[in-house]
Every structure is written in structure tokens, then in C-alpha cells.
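User: Got a minute to go through the charged pairs in this one with me? I'd like to talk about strands afterwards too.

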Amino acid sequence: MSRPGFGGGDLPAVFPDWSPYQDLESAARAYLRDPDVALEALGGVLRGASVLGFTLERFVNEVNGVWQEVVVCDGSRLILWHGEDVPPGEGPAGSMTSSLRVVPVSTVTELGCRRRLTRTDDGAVRVDSIDVYLLLSSLDEAPSSEEAAGAPRHDALRFGKTLDDGGAGQIARLEEFARLVASVTGRPVL
């Protein structure tokens with residue numbers, strides 16, 4: 001099964017699982033379409049710092065093509081890389097954006113982790129989805145005049161995995177990442 005890709009090529013509808021890989025490079029090479037671009041951008045910021053944990057995301061957008069994300073925690077920073085195909089007509093065929101954001105862990109003011117649990121026929125409880133948010137002290141862009149006027153909104157980072165989108169391994173790895181970030185901010189996650 002495949003979905004139409006950017007530039008006329010087909011992309012797999014189900015991406016390889018990165019969760020078995022404990023090191024960033026192996027996980028990125030297994031999962032991302034453009035691992036060299038991501039690893040070069042991240043390496044320029046990490047400059048030898050230890051990667052304590054990471055999470056990855058990738059999906060196909062019917063308008064823009066492939067959207068990819070890597071989030072790394074080195075204990076004091078969250079380093080986010082995004083790669084996204086440029087929509088047709090906004091650049092030459094095959095163009096993509098590569099962006100980097102560095103967020104000090106000290107700016108995380110709140111971390112939330114919601115797991116959806118289901119009970120199997122034999123009574124065992126399993127996690128079938130996880131949603132994680134990190135509320136930051138920085139402000140989000142000002143709301144448009146059409147939105148509710150008033151107080152500015154704090155910036156937030158959001159991550160999610162389900163059994164259908166990532167599987168049990170990626171759910172567990174995202175929960176592990178959330179606990180890592182919670183531990184370096186000194187706040188419990190669950």
C-alpha cells in the first residue's frame with residue numbers, strides 16, 4: 001500500500017519502525033526520508049553533547065508531501081528539527097524546508113502525558129495511544145482578531161503516537177521521552 005508522494009513518486013503508507021533503535025543516527029536512518037539533512041542540522045547544534053533521548057515523527061500530507069520531525073533532549077535543551085516538502089508551485093520540484101529550533105529545558109513550565117488504556121479480552125491493560133504536551137514560558141504568535149481577544153497564549157510542543165500511527169514500540173519510546181524531559185525539569189510526568 002502506498003500514498004501519492006510529492007513530485008509524483010509513491011511513498012509507503014506505513015513507515016519503518018524506529019523504536020528498536022536506541023541511538024539517534026540508526027533510528028533516523030531507519031525512519032526518516034532525509035536522515036542526512038536532519039543529522040547534519042542536529043549535529044551542528046549538538047557538537048558532541050550527549051543525546052539522552054529523542055522522538056521521531058513522519059507523515060504524508062496530501063498538499064505538502066512528507067513532513068518529518070526529530071526532537072532531541074541533551075539534558076539542558078530540546079533540539080527540534082523539521083523537514084517538510086514545499087507545496088507545488090512554491091518552489092522547484094523536490095524542494096523542501098529544513099528548520100531547526102532550540103528550546104532550553106528551563107522554559108518548560110508544564111508537562112502533560114495522557115495515555116489511553118484499553119482492556120484486552122483476557123483482562124490485561126494495554127496503552128493504545130499517548131499524547132504529550134510541553135507548555136513553554138515563551139508566547140505563541142498573537143491570535144488573529146477573529147479569535148478570542150485577550151490574553152496571549154503560551155507556546156506548546158505536542159507529540160502523539162497510536163497503535164495505528166507508530167505502534168506499541170513508538171508509544172513506549174514517546175512515554176520514555178516524556179519521562180526524561182520531566183526528570184530534567186524536576187516535574188513528575190504521571
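User: Which side chain does Asp36 meet in a salt bridge?

Analyst: Arg29. Keep in mind that this is a predicted model. In it, the closest approach in the Asp36–Arg29 salt bridge is 2.7 Å, N to O.

User: Is Arg29 buried or exposed?

Analyst: In between: Arg29 is partly exposed, with a relative accessible area of 42%. Asp36 is partly exposed as well, at 49%.

User: What network of salt bridges is Asp36 linked in?

Analyst: One that links Asp36 and Arg29 with Glu25.

User: And how many salt bridges are there in the whole structure?

Analyst: The search turns up 11.

User: OK, over to Arg115. What does Arg115 form a salt bridge with?

Analyst: With Glu175; the closest N and O atoms of that pair are 3.5 Å apart. Arg115 sits in strand β7 (residues 108-119) and Glu175 in helix α3 (residues 167-185), so the salt bridge ties together parts that are 60 residues apart in sequence.

User: Glu175, buried or exposed?

Analyst: Buried. The relative accessible area of Glu175 is 11%, and the cut-off for buried is under 20%. Its partner Arg115 is partly exposed, at 34%.

User: Staying in helix α3, how many residues apart are Glu176 and Arg173?

Analyst: They are 3 residues apart, so about one helical turn separates them. Their side chains meet in a salt bridge, at 3.7 Å from N to O.

User: What about accessibility for those two?

Analyst: Arg173 counts as buried, with 6% relative accessibility, whereas Glu176 is partly exposed at 46%.

User: Switching to strands. Which side chains in strand β9 point to the buried face?

Analyst: β9 covers residues 154-162, and its side chains alternate. Asp155, Leu157, Phe159 and Lys161 point to one face and are buried. His154, Ala156, Arg158, Gly160 and Thr162 point to the other face and are not buried.

User: Nice, two charged residues in the buried set. How do β8 and β9 run, parallel or antiparallel?

Analyst: Antiparallel. Strand β8 (residues 125-139) is joined to β9 by 8 bridges.

User: Which residue stands opposite His154?

Analyst: Leu139 does. His154, for its part, is on the face of β9 whose side chains are not buried.

Key. Residues are numbered from 1 along each chain as its sequence is written. This is a predicted model: local features need pLDDT of at least 70, side-chain atom pairs count only at pLDDT 80 or more; totals for chains, interfaces and linings use all residues. Side-chain values use heavy atoms; hydrogens and water are left out. A salt bridge is a side-chain nitrogen of Lys or Arg within 4 Å of a carboxyl oxygen of Asp or Glu. Buried means under 20% relative accessible area, exposed over 50%, partly exposed in between (1.4 Å probe, protein chains only). Helices (H or I, at least four residues) and strands (E, at least two) are DSSP runs, numbered from the N terminus. Two strands pair if DSSP finds at least two bridges between them.
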